[in-house]
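Thanks for sharing this one. Could we go through it together as a set of questions and answers?

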Amino acid sequence: MTLTLGKNGTLHVVEKIGGASGELKRTFITKTRYDDTNDRLYQISNVKGGTLSGDVLTVTGQTVEYDVKGAVTPSGDIEELRWFAVSGWNQPVAKATVHVKGPGQVQNLSCFAGALTSAIGCTSASMDHEAIQADFEQEDLAPGEALTVVVGYPKGATGAEPILDRRFSLSAAFTLNAVTGGALAGLLVLLLGGVGLLYWTRGRDARAASHEGAVNPVQNGQFAPPEGVRPGQIGTLVDEQADVIDVTATIVDLAVRGYLRIDEQPRQAYDAPDWMLVRLHNAPVDALLPYERALYDAIFEGRDAVLLSQLSGTFASHLGKVRDALYTDVVKQGWFARRPDTERTRWTTIGVVLMVVGLLATAALAWFTTYGLLGLAVIIAGGALAVGGQYMPAKTAKGSAALAQTLRFREFLFSGELGNVPEQHRVELFSRYLPYAVIFDGVEHWSRVVASVTGNGQQADNLYWYHGPAEWDLSKFAGSMRTFTATTSGAISATRQFRSL
């Protein structure tokens with residue numbers, strides 16, 4: 001073997017082979033460990049006298065030539081040539097003779113034989129009297145064993161550097177130092193600041209103007225909801241979501257306004273409670289809002305009465321229409337510039353996409369660099385936007401004004417004060433407020449208020465819109481109403497069509 005090191009650091013190898021029988025193959029060593037974070041690569045090219053497939057050389061003649069890059073590395077005051085002159089043969093090597101020539105005088109030399117990591121020297125190693133050529137010999141190498149030759153040349157003889165390939169490790173990929181830490185902090189400030197600015201400019205409710213949508217919350221000495229505004233609309237206005245409780249409150253509201261009657265069914269001790277919803281034919285259904293009409297039609301579907309238990313699981317094809325109509329309605333009211341559900345979905349989707357981009361960026365940065373932490377900043381920003389997307393729906397000035405009046409009305413509902421409402425009007429007025437109490441999670445408190453009064457001041461057996469079974473009177477109304485709203489919400493949510501995103 002003759003190894004000639006050029007001034008550009010490329011090692012040209014010529015091997016003359018004799019005595020082989022059968023197919024002769026060699027598997028080159030093209031990667032070794034360099035340090036804790038890098039591997040050293042040896043690149044083989046310009047093969048003659050054989051065919052190279054990957055790292056495997058199949059010999060086709062008695063002379064083989066090839067070039068090696070990456071065999072030289074600086075080491076203190078010298079450049080060190082290291083090459084596995086014999087390695088990976090599929091047959092034993094009886095004798096190997098290696099001659100090494102380079103661009104300068106030999107400064108030192110050594111050789112190792114046997115396993116790749118062997119520290120055992122070869123049979124012989126020497127140089128000529130002018131220190132121009134190094135010679136090595138080794139006998140009896142088994143298949144797969146190696147003869148490694150090392151020759152030192154003056155510093156700068158070739159100026160070559162080893163070819164390094166960074167070895168992947170989590171600790172290296174996510175290195176925290178002044179550069180990566182500073183870049184991470186800066187990127188987080190930039191991205192999270194952008195999310196905050198986005199919410200500040202797009203997600204905040206508009207300030208209610210004194211001249212826009214302003215409605216006096218006091219009517220006849222009592223606080224009242226915005227005139228003509230239904231409980232389902234208020235529920236969507238308050239939490240910006242059309243959810244189960246809004247539909248439950250709407251059913252109660254339809255009963256209070258005379259579109260249907262709720263009949264509590266008699267039951268034994270261990271029977272599940274149930275209610276009959278009865279259509280009232282004289283009701284002006286054409287006056288219903290689109291979402292109310294969609295709900296009304298979904299309840300009865302051409303029938304005059306239906307048990308609440310029969311509705312469970314049958315609303316799947318209807319409640320989506322109710323939800324859409326509610327969101328459309330609050331935009332039509334001028335409370336929102338855009339549908340809250342669409343706004344949430346848009347920004348949440350962008351946040352999720354940003355998280356996916358961050359994951360891909362983190363994987364790429366961690367694999368190819370030590371800046372994997374920067375990808376985490378993108379993931380965090382995407383997560384913040386995905387969560388913050390739930391708060392992106394913004395009310396208009398008119399919506400803010402309506403909300404302000406609504407919140408003052410809620411304070412009145414929970415105050416427990418009956419005020420100066422005439423006795424004969426209390427049942428009707430307090431029944432009308434009950435659906436709003438359902439929205440505000442105050443159904444039991446306000447049900448007791450409703451149950452405490454009647455038109456003539458005496459305890460009654462029924463309300464005009466709610467009938468109980470035999471031996472039932474208004475003293476039981478609070479418990480009945482609490483159970484009815486919980487059961488109705490359960491029946492609706494069982495369809496899995498009306499849960500908020």
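The questions below concern a predicted model, and they move from sheets to a helix and then to pockets and cavities.

Q: In what order do the strands of the three-stranded open sheet lie?
A: Let's build it from its pairs. Strand 4 (residues 31-33) runs antiparallel to strand 5, joined by three bridges, and strand 5 in turn pairs antiparallel with strand 17 (residues 163-166) over four bridges. Strand 4 and strand 17 each pair on one side only, as edge strands do. The order is therefore 4-5-17.

Q: Which residue of strand 5 is the bridge partner of Lys 31?
A: Strand 4 and strand 5 form a hairpin, with four residues between them. Strand 5 covers residues 38-41, and it also has a partner in strand 17, where Ile 163 stands opposite Leu 41. On the strand 4 side, Lys 31 has as its bridge partner Leu 41.

Q: Which residues of strand 5 point the other way from Asn 38 and Arg 40?
A: In a regular strand, side chains alternate between the two faces of the sheet. Asn 38 and Arg 40 point one way from strand 5, and these residues are buried. Pointing the other way, and buried too, are Asp 39 and Leu 41.

Q: By how much are neighbouring strands turned against each other, on average, in the four-stranded open sheet?
A: This sheet has the order 10-11-16-13 with antiparallel pairing, and its edge strands are strand 10 (72-75) and strand 13 (108-114). Strand 10 and strand 11 pair over four bridges, with Pro 74 opposite Glu 79. Ignoring direction, the average turn between neighbouring strands of the four-stranded sheet is 25°.

Q: What span is expected for helix 7 at 1.5 Å a residue?
A: Helix 7 takes in residues 319-332, which makes 14 residues. The expected span is 1.5 Å times one less than the number of residues. The helix reaches 20 Å from its first C-alpha to its last, close to the expected 20 Å.

Q: Which residues of helix 7 are buried?
A: The cut-off for buried is under 20% relative accessible area. Charged side chains appear in this group, including Arg 323 and Asp 329. The buried residues are Leu 319, Val 322, Arg 323, Ala 325, Leu 326, Tyr 327, Asp 329 and Val 330.

Q: Which residue takes a positive phi just after helix 7?
A: Helix 7 covers residues 319-332, so the place to look is just beyond that range. The phi there is about 85°, and the residue is Gly 334.

Q: Which strand gives the most residues to the lining of the largest pocket?
A: The largest pocket has a volume of about 380 Å³ and is lined by 18 residues, with Lys 16, Ile 17, Gly 18, Val 93 and Lys 95 nearest its centre. By class, the lining has 11 nonpolar, four polar and three charged residues. Strand 2 (11-16), strand 11 (78-86) and strand 12 (93-101) each supply at least two of these residues. With five residues, the one that gives the most is strand 12.

Q: How many charged residues line the largest cavity?
A: The structure holds two cavities of 30 Å³ or more, and the largest has a volume of about 50 Å³. Its lining has 10 residues, of which Arg 338, Glu 343, Met 392, Pro 393 and Ala 394 are the closest to its centre. Six of the lining residues are nonpolar and none is polar, and the number of charged residues is four.

Methods: Residues are numbered from 1 along each chain as its sequence is written. This is a predicted model: local features need pLDDT of at least 70, side-chain atom pairs count only at pLDDT 80 or more; totals for chains, interfaces and linings use all residues. Side-chain values use heavy atoms; hydrogens and water are left out. On a 1 Å grid over the protein atoms alone, a cavity is a set of points where a 1.4 Å probe fits but cannot get out, and a pocket is an open set with protein on both sides within 12 Å along at least five of seven lines; lining residues have an atom within 4 Å of a point. Grid points are joined across faces, edges and corners, and a volume is the space filled by probe spheres set on the points. Helices (H or I, at least four residues) and strands (E, at least two) are DSSP runs, numbered from the N terminus. Buried means under 20% relative accessible area, exposed over 50%, partly exposed in between (1.4 Å probe, protein chains only). Two strands pair if DSSP finds at least two bridges between them. Axes are lines fitted to C-alpha atoms, for helices over the stretch in contact, and angles run from 0 to 180 degrees between N-to-C directions.
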